Amino acid sequence: MSKKVIVCAYHNVGYRCLEELLRQGADVRLVFTHEDSPTEEIWFQSVRELAERHGIPYLTTDINEPANVAKVREIAPDLLFSFYYRNMITPEVLEIPRLGALNLHGSYLPKYRGRVPVNWAVINGETETGATLHHMVAKPDAGDIVDREKVAIAFTDTSFDVFTKVTEAAVTVIARSYPLLASGTASRIPMNLAEGSYFGGRKPADGLIDWARSAVQIYNLIRGVTHPYPGAFTYLDGKKILVWSARPLPGSAEPGVVVTENPLVVGTGEGLLEITSLQPEGEHEVAAGSFAAIVHPAGKRFASP
């Protein structure tokens with residue numbers, strides 16, 4: 001007999017992991033997802049549309065609301081999954097499913113617990129991350145590990161590139177784990193939080209470039225928050241400039257000072273940074289060379305306002 005399942009899901013990981021559960025014949029009785037935010041660039045697949053296509057009831061209200069907790073109790077699921085659901089699920093709800101409540105996290109736990117783990121891994125210059133399925137407890141990303149899969153981060157990868165790899169790893173983990181969870185034979189590896197790390201959320205303002213940092217560190221920030229994320233930025237003559245792509249180069253110059261215009265090369269705390277694509281606020285994104293041909297920033301300094 002197939003197990004009754006409730007899924008809390010959003011984003012591409014939510015879509016693909018729900019899709020995999022359905023492929024495996026899971027009896028998904030209810031889906032909790034989110035309304036899309038008008039202030040967020042929606043570049044990912046819709047969990048709501050997937051639920052509609054399969055005739056699965058869905059709600060966009062918080063699973064923790066009393067009426068929704070009552071619905072969960074009424075369904076009495078065997079398993080509850082959270083796939084990039086953005087609300088912390090209360091212990092009251094976590095105790096309901098008979099075989100466990102599990103979360104798919106976008107890192108190789110216990111490293112990068114917390115928010116936006118893929119972006120943080122790229123920003124910090126990591127060479128690998130992963131996807132982890134673990135039991136949920138009151139503390140975020142801290143319960144026993146069921147399964148995990150590593151992915152490599154290339155030096156040229158953006159966060160979008162890595163997120164795509166992590167999504168595939170997440171599907172692999174669910175494909176392996178669901179039959180074991182349904183049969184009650186899945187592994188439980190206690191999570192050693194002392195071996196890991198925790199990172200909080202990021203705001204668009206956190207993309208401000210500090211030119212005193214090394215060229216590699218600035219490059220990692222740029223590729224960590226480039227499209228479809230809000231972007232890294234700096235200021236020139238008081239005007240905000242979004243920097244969408246760049247690459248580190250050997251050499252030295254005063255931090256923030258424009259060394260050459262075409263290519264557009266800027267000094268940093270260690271090494272040089274060639275900016276290849278940028279966008280003055282309120283204008284279109286352009287190649288850095290064409291921007292420099294108009295503005296002639298040589299000798300000027302990129303800086304904070």
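These are my notebook entries on a predicted model, starting with the chain and ending with three single residues.

**Ground rules**

I am reading a predicted model, where local features need pLDDT of at least 70 and side-chain atom pairs count only at pLDDT 80 or more, while totals for chains, interfaces and linings use all residues. Residues are numbered from 1 along each chain as its sequence is written, and side-chain values use heavy atoms, with hydrogens and water left out.

**Entry 1: the whole chain**

I looked up the helices and strands, and the chain has eight helices and 15 strands. Both are DSSP runs numbered from the N terminus: helices are H or I with at least four residues, and strands are E with at least two. Along the principal axes, the C-alpha atoms fill a box of roughly 70 × 40 × 30 Å.

Next I checked burial, and buried residues make up 50% of the 305 residues. Buried means under 20% relative accessible area, exposed means over 50%, and partly exposed lies in between, using a 1.4 Å probe and protein chains only.

I also looked at contacts (heavy atoms within 4.5 Å). Among contacts in the chain with a separation of 6 or more, 68% come from residues 24 or more positions apart.

**Entry 2: the open sheet**

In which order do the seven strands of the open sheet stand? I read β3-β2-β1-β4-β5-β7-β8, with mixed pairing. Two strands pair if DSSP finds at least two bridges between them. At the edges I found β3 (58-59) and β8 (145-152); each has a single partner strand, so one side of each is left without a neighbour in the sheet.

I then followed the pairs inward from β3. Strand β2 (residues 27-32) runs parallel to β3, and two bridges join them. Phe32 has Leu59 of β3 as its bridge partner. Helix α3 (residues 66-75) packs on the sheet here, touching β1 (4-9), β2 and β3, and its direction makes about 175° with that of β2. For such angles, axes are lines fitted to C-alpha atoms (for helices over the stretch in contact), and the angle between N-to-C directions runs from 0 to 180 degrees.

Strand β1 was my next stop. Five bridges join β1 to β2 in parallel, and Cys8 stands opposite Phe32 in β2. β1 also pairs with β4 in the parallel sense over five bridges, with Val5 opposite Leu79 in β4. I noted that β1 is mostly covered, as five of its six residues are buried.

One more helix crosses this sheet: α6 (residues 159-183) lies across β1, β4 (79-83), β5 (101-105), β7 (128-135) and β8, at about 155° to β8.

**Entry 3: helix α1**

I found that β1, α1 and β2 make a right-handed β-α-β unit. Right-handed means that, with the strands pointing away from the viewer, the path from the first strand over the helix to the second runs clockwise.

Helix α1 (residues 11-23) has 13 residues and reaches 18 Å from its first C-alpha to its last, close to the expected 18 Å. The expected span is 1.5 Å times one less than the number of residues.

Is α1 mostly covered or mostly open? I found it mostly covered, with 10 of its 13 residues buried; among them are Val13, Cys17, Leu18 and Leu22. The cover includes β1, β2, α2 (47-53), β4, β5 and α6. After α1 comes Gly25, with a positive phi near 85°.

**Entry 4: three residues**

I looked up Ser159, which sits in helix α6. Ser159 is buried, with a relative accessible area of 0%. Not counting residues up to four places away in sequence, Ser159 touches Val118, Asn119, Val122, Arg223, Gly224 and Tyr229.

Then I turned to Thr226, in the loop between α7 (215-225) and β10 (232-236). Why does Thr226 count as buried? Its relative accessibility is 6%. With the same neighbours in sequence left out, I see Thr226 touching Thr158 and Trp244. The side chain of Thr226 reaches the backbone oxygen of Trp244 at 2.8 Å.

Last came Asp206, in the loop between β9 (198-199) and α7. Asp206 counts as partly exposed, at 31% relative accessibility. Leaving aside neighbours within four places in sequence, I find Asp206 in contact with Gly201 and Leu221. The C-alpha atoms of Asp206 and Tyr178 are separated by 38 Å, and these residues are 28 residues apart along the chain.

Key: A polar contact is a pair of N or O atoms within 3.5 Å; within protein, one must be able to donate a hydrogen and the other to accept it, and residues adjacent in sequence count only if both atoms are side-chain atoms.
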